[in-house]
Amino acid sequence: METLLKARKLSKVFGSGCPLCRESTGPDFDTNVCPHCHSVVACNAVDFDLYPGEVLGIVGESGSGKSTLIKLAHFEWEATGGEMNLHRSALPEGLGELLADAADQYTRNLFGLSQFQQRQVRNALMGIVYQNPFLGLRMNVSSGGNIAERLLGAGWRHIGKMRERASELLEKTEIPISRMDEPPKNFSGGMQQRVQIAKALSNNPLLLLLDEVTTGLDLSVQARVLDLIRSLQREFQLSMLVVSHDLGVINLLCNRTMVMKHGRVVESGLTDQILQDPQHRYSQLLVASQL
Amino acid sequence: MNLQEWQAQHQNESLQSYNFAFLDDSAKKEIRRSLLKAVAIPGYQVPFSSPEMPVARGWGTGGLQITLSLVLPHDFLKVIDQGCDDSVNAVNIKKFVAKVAEVNSTTDISEATLIQTRHRIPEEPMTEEQILVLQVPYPEALREVEPSELETRRMHAEGDYARMWLHLYEDIVRYGEISISYRYPVTVNGHYIMDPSPIPRWDIPKLHMSEHLSLFGAGREKRIYAIPPYTRVEPLEFEDHKFRIEQFPVACSRCGSCNSYLDEIISDVDGSRQYFCSDTGYCDKRSA
């Protein structure tokens, strides 16, 4: 099977940056702030491959760079360095031609595209669910409208069909359809999170990015949201990038896992392996501190 | 009369310290340049300097500056305000241009070469020989959905109009129909979404593939944009919710027209309602 998404040497530095930044930060120095120029190395030289239908987990403490990785993959932040390539067969017709080097199976470096093209790629095959529903939803717009926004961005112009699609998705995410025209600000946290998932799924994404989706929800709601994500993943064969600091979530959802600390990947491998037999000192600490 | 003759004739008058048509030549040049750019990129808002005028900003200075930078002594000028030739704003602008450029004014649309208007487009179709200048209070069609200018410019540049469409979707969900009565957003030449100035829906179809050149000036907001002749202008609409114009249940009480935009007039005496054409020039012509 061929990789869907290839990321090589992803880096993001906040601040002016200096030649010494990379060699003087990281887990060995126990910091991600460069002592010479005080830039923050949010993530440095991260490589990963994501296969079709695979769920890749990223785990680590706050500030370890896991959300940065998601933001880079979603083109929200500009990468300081690195490359990201998609398999061409994943792209819809037209777009694939636009982005391809003639003979290559993969697109050009997606970070080199214009914002317009990046948005096209994002609209065509990415969905994102944030920890905070305020980031992913327009709270004053109806839930149906929130879903429609993505469809409108992808060129849909038929109200009836969009409402049909929205109710289909809301049904899947267990939101009563009678509340479709209510704004998400009226909803509970768990419901808002499910509307966000419905919105992220509206354009049939190949790649779903989940950024701490269950943090801040109570335990029973957490379980239902995770259940939902798992069944949707099976149903649509989604490839997912799951960021969490909760090993329980990672254990439940992910096939493979990367452990991050201070902007570096310290360990990566099969989820079971990492949870049963962690190799790196930090991973051991993480697993040992699990309740 | 050409410009040189006009200047020779007027060198002893009290207005001699002013240039022809009030604006100095470099100001006119700058405005014309912006106009050319606007015509070259239909629907794109071109920033311009919008110098001070002897009229307060917001009273038609954008339109006035375009008119003054284009007008020549042999032009025939028509100025209308909400379709009316005789309202205060229209009369004052007409008087001002007549004073500084000494052009002939007219109320007959077919005679006019330059038409400045506020919030209406004349009922009778115009020709390739005519220029329509519209006064614009809010040039940014996306302002309703996005307060930041930086962001709206990005949205225009990337054709990122989902939020504008979402605004219309929400309207339909809430009211069963798009509730915008005037300033109805249009797509120009299949590209930019543009604010057509506060003209009623009735006038929107007149912009589509029109023979005349339409120029839009926003003095306070310092923007100029244009629709060249024979350009596609399409109101935003959904496949199952089409754009539609106003319907009037009656005909004009004065000229009997069933095919014009009507104003409702309520009598001060007995409170009775009557409908009259909002385009007075059109009504006069039919009544004569």
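In which order do the strands of the open sheet in chain B stand? Hold that thought for a second, everyone, and thanks for coming. One reminder before we look: this is a predicted model.

So, the sheet. It has 3 strands, and going across it we read S7-S6-S10, all within chain B. The pairing is antiparallel. As a quick refresher, strands of a sheet pair through backbone hydrogen bonds, in either a parallel or an antiparallel way. Now look at the edges of our sheet. Strand S7, at 192-194, and strand S10, at 233-235, each have a single partner strand in chain B, so one side of each has no neighbour in the sheet. If you rotate the view, you can follow the twist: neighbouring strands are turned by 35° against each other on average, ignoring direction.

Let me zoom in on one pair. Strand S6 of chain B covers residues 186-188, and its antiparallel pairing with S10(B) runs over 3 bridges. If you want a spot to click on, take Val186(B), whose bridge partner in S10(B) is Pro235(B).

Let's move over to chain A. Here we have 11 helices and 9 strands. Its radius of gyration is 19 Å, close to the 19 Å that the globule rule gives for 291 residues, so chain A is as compact as a globular protein of that length. Along the principal axes, the C-alpha atoms of chain A fill a box of roughly 55 × 50 × 40 Å.

Among those helices, I'd like to show you H7, residues 189-201, and H8, residues 219-236. Their axes in chain A come within 10 Å and cross at roughly 15°. At that angle, with the limit set at under 35 degrees, H7(A) and H8(A) are therefore roughly parallel to each other. The crossing of H7(A) past H8(A) is right-handed.

Which residues of H7(A) meet H8(A)? They are Gly190(A), Gln193(A), Arg194(A), Ile197(A) and Leu201(A), and across from them H8(A) brings Val221(A), Val225(A), Leu228(A), Ile229(A) and Leu232(A). Sorted by class, this helix contact has 7 nonpolar, 2 polar and 1 charged residues.

Last stop, the place where the two chains touch. Chain B puts 14 residues into the contact and chain A puts in 16 residues. On the chain B side, helix H6, residues 162-175, gives the most, with 8 residues. By class, the side of chain B that touches chain A has 7 nonpolar, 1 polar and 6 charged residues.

That's my tour, and I'm happy to go back to any of these views with you.

Terms used:
Residues are numbered from 1 along each chain as its sequence is written. Chains are lettered from A and ligands numbered from 1 in the order in which they are written. This is a predicted model: local features need pLDDT of at least 70, side-chain atom pairs count only at pLDDT 80 or more; totals for chains, interfaces and linings use all residues. Two strands pair if DSSP finds at least two bridges between them. Helices (H or I, at least four residues) and strands (E, at least two) are DSSP runs, numbered from the N terminus. Axes are lines fitted to C-alpha atoms, for helices over the stretch in contact, and angles run from 0 to 180 degrees between N-to-C directions. Angles under 35 degrees count as roughly parallel, over 145 as roughly antiparallel, 65 to 115 as roughly perpendicular and the rest as oblique. A crossing is left-handed if the near helix is turned anticlockwise from the far one by less than a right angle, and right-handed if clockwise. Two residues are in contact if their C-beta atoms, placed from the backbone, lie within 7 Å. Ala, Val, Leu, Ile, Met, Phe, Trp, Tyr, Cys and Pro count as nonpolar, Asp, Glu, Lys and Arg as charged, and the others, Gly among them, as polar. The radius of gyration is taken over C-alpha atoms; the globule rule is 2.2 Å times the number of residues to the power 0.38.
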